[in-house]
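Here is a walk through one chain, meant to be read with the structure open beside it. Rotate the view as you go.

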Amino acid sequence: MKMTFRWYGDSDPVALANIRQIPNMSGVVSSLYHIPPGEVWPVADIAHVKDAANGAGLEFEVVESIPLHEDIRTGSGDRDRYIENYIQSIRNLKQASDVKVICYNFMPVFDWTRTRLDHPLPDGSNALVYYKSQLEKMDPLTGELALPGWDAAHSKAELTQLFDTYKNIDNEALWRNLEYFLKAIVPVAAECDIKMAIHPDDPPWPIFGLPRIITCEENLDRFLKVVDSPYNGLTFCTGSLGCAKSNDVVKMIGKYAAMGRVHFVHARNVLILEDGSFEESAHYSKCGSLDMVGILRALKQNGFDGYIRPDHGRMIWGETGKPGYGLYDRALGAMYLTGLWEAVSKNK
Ligand SMILES: [Mn+2]
């Protein structure tokens, strides 16, 4: 297992030097945030991230993410050109870096969804939350109550057009578009020895009437069969899958690790509320609804040897910055996970 930490590049207020001081930290997970979805990642820009990480004594072996152009998900417009560009980005990563895993997702229009990014918790920290009552009042098309984190991602005109396109795309159509993408991409990934690792939908249920398919065990089983190759694998995000009570994340993560299909783990905890809403909690099991010991033990017992990172943290100790991605609480999370891993790795 390799412990990693997400880093948002040169503009991230969290310094590489500080990340390196977290015990057991092997590398950063990063992306080219200035390249728009669909465009080719330039070799020189990839090399820049590698050099920055390596210069600070850290590896750069996981990309999160190469975002997909929406035409790939909708199966329309310039899909083939954007897939060609994606393939070129994989080849450029092979040429210019040590990257071994690429995380991506297949969530229409919006990536993760929360209703507040700075909800105050009783201990004085802030966290990202998803309250069903708040979501019901939101309408991304009128923008009267904007979706936090997504204000600038699409103009209202673009959103209206996208929602119109998705009116004709049900879950089965989305599966077909995902299959088309995988059948083009996975052979290239195999050739480059870079593993593709899809991130589950967050949360794992439909939002604003948009289809969502990477949500549960049945669908993950189906996904892995679409292209039955180790290069078609998972980013197992415990918090995303775990906020649906119907997902038994300990069982699922063990099963997929045993199949050799878990390449990257986002390990975080969520507190599920009575009505199915949830709050992102500290990583410690007792702070939320997930059994973090069970998750780490299932990984260990099933031979997991991929990458893991603490996922979103709360904002603590007065830190300000990118919601979910401060230094302090994620560093605590990394240490907690490292401690659990050490414990479950000891022979009795
Ligand atoms: Mn995640």
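Among the contacts in the chain with a separation of 6 or more, 71% come from residues 24 or more positions apart. Keep in mind that this is a predicted model. The chain has 12 helices and 12 strands. Its radius of gyration is 19 Å, close to the 20 Å that the globule rule gives for 348 residues, so the chain is as compact as a globular protein of that length. The C-alpha trace spans about 55 × 45 × 40 Å along its principal axes, and 44% of the 348 residues count as buried.

**The core**

Which residues have the most contacts inside the largest nonpolar core? They are Ile-102, Met-196, Ile-253 and Ile-295, in a core of 82 residues. Helix H7 (residues 171-192) gives the largest share of this core, with seven residues.

Take Ile-102 as a way in. Setting aside neighbours within four places in sequence, Ile-102 touches Val-63, Ile-66 and Ile-90, and also Ile-194, Met-196 and Ala-197. Met-196 is thus a contact of Ile-102, and Met-196 is itself among the residues with the most contacts inside the core.

**Helix H11**

Ile-295, another of those core residues, sits in helix H11 (residues 292-301), where the buried residues are Met-292, Ile-295, Leu-296, Ala-298 and Leu-299. Looking down the axis of H11, you find its buried residues within an arc of 160 degrees, so they line one face of the helix. The general background is simple: an α-helix has 3.6 residues a turn, so residues three or four places apart point the same way.

What do the buried residues of H11 pack against? Their partners are helix H9 (238-242), helix H10 (249-258), strand S9 (262-267) and helix H12 (328-345). Just after H11 comes Gly-303, with a positive phi of about 75 degrees.

**Strand S2 and its neighbours**

Now turn to strand S2 (residues 25-30). Five of its six residues are buried, so S2 is largely enclosed by the rest of the structure. On one pairing, S2 runs parallel to strand S1 (residues 2-6), with four bridges between them; Arg-6 has Val-29 in S2 as its bridge partner. S2 also runs parallel to strand S3 (residues 59-64), again through four bridges, and here Val-28 has Phe-60 in S3 as its bridge partner. Between the two strands comes a helix: S2, helix H2 (residues 43-55) and S3 make a right-handed β-α-β unit.

**His-263**

Strand S9, one of the elements packed against by H11, holds His-263. Is His-263 buried or exposed? It has 28 other C-beta atoms within 10 Å, and the cut-off for buried is 20 or more, so His-263 is buried. Leaving out neighbours within four places in sequence, the contacts of His-263 are Val-101, Lys-195, Ala-197, Gly-233, Leu-234, Gly-306 and Tyr-307. Ala-197 is on this list and is also a contact of Ile-102. For a sense of distance, Asn-18 is 245 residues from His-263 in sequence and 25 Å away in space, C-alpha to C-alpha.

**Backbone oddities**

A few spots deserve a look at the backbone. Two cis peptide bonds are worth finding: Glu-64 to Ser-65 and Asp-202 to Pro-203. Ser-65 lies in the loop between S3 and helix H3 (70-74), while Pro-203 is in the loop between strand S7 (195-199) and helix H8 (217-226).

Val-109 and Asp-193 each take a positive phi without being a glycine. Val-109 lies in the loop between strand S4 (101-105) and strand S5 (116-120), and Asp-193 in the loop between H7 and S7. Where they sit relative to the surface is another matter: Val-109 is buried, with 22 other C-beta atoms within 10 Å, whereas Asp-193 is exposed, with 9.

Here are the backbone angles side by side.

| Site | Angle |
|---|---|
| Glu-64 to Ser-65 | omega about -10 degrees |
| Asp-202 to Pro-203 | omega near -5 degrees |
| Val-109 | phi about 60 degrees |
| Asp-193 | phi about 55 degrees |
| Gly-303 | phi about 75 degrees |

Conventions
Residues numbered from 1 in each chain as written. Predicted model: local features only at pLDDT ≥ 70, side-chain atom pairs only at ≥ 80, totals over all residues. Core = buried A, V, L, I, M, F, W, Y, C linked by C-beta atoms within 7 Å. Buried ≥ 20, exposed ≤ 12 C-beta atoms within 10 Å, placed from the backbone. Contact = placed C-beta atoms within 7 Å. Rg over C-alpha atoms; globule rule 2.2 N^0.38 Å. Arc of directions from axis to C-beta. Pairing = 2+ DSSP bridges. Right-handed = clockwise from strand over helix to strand, strands pointing away.
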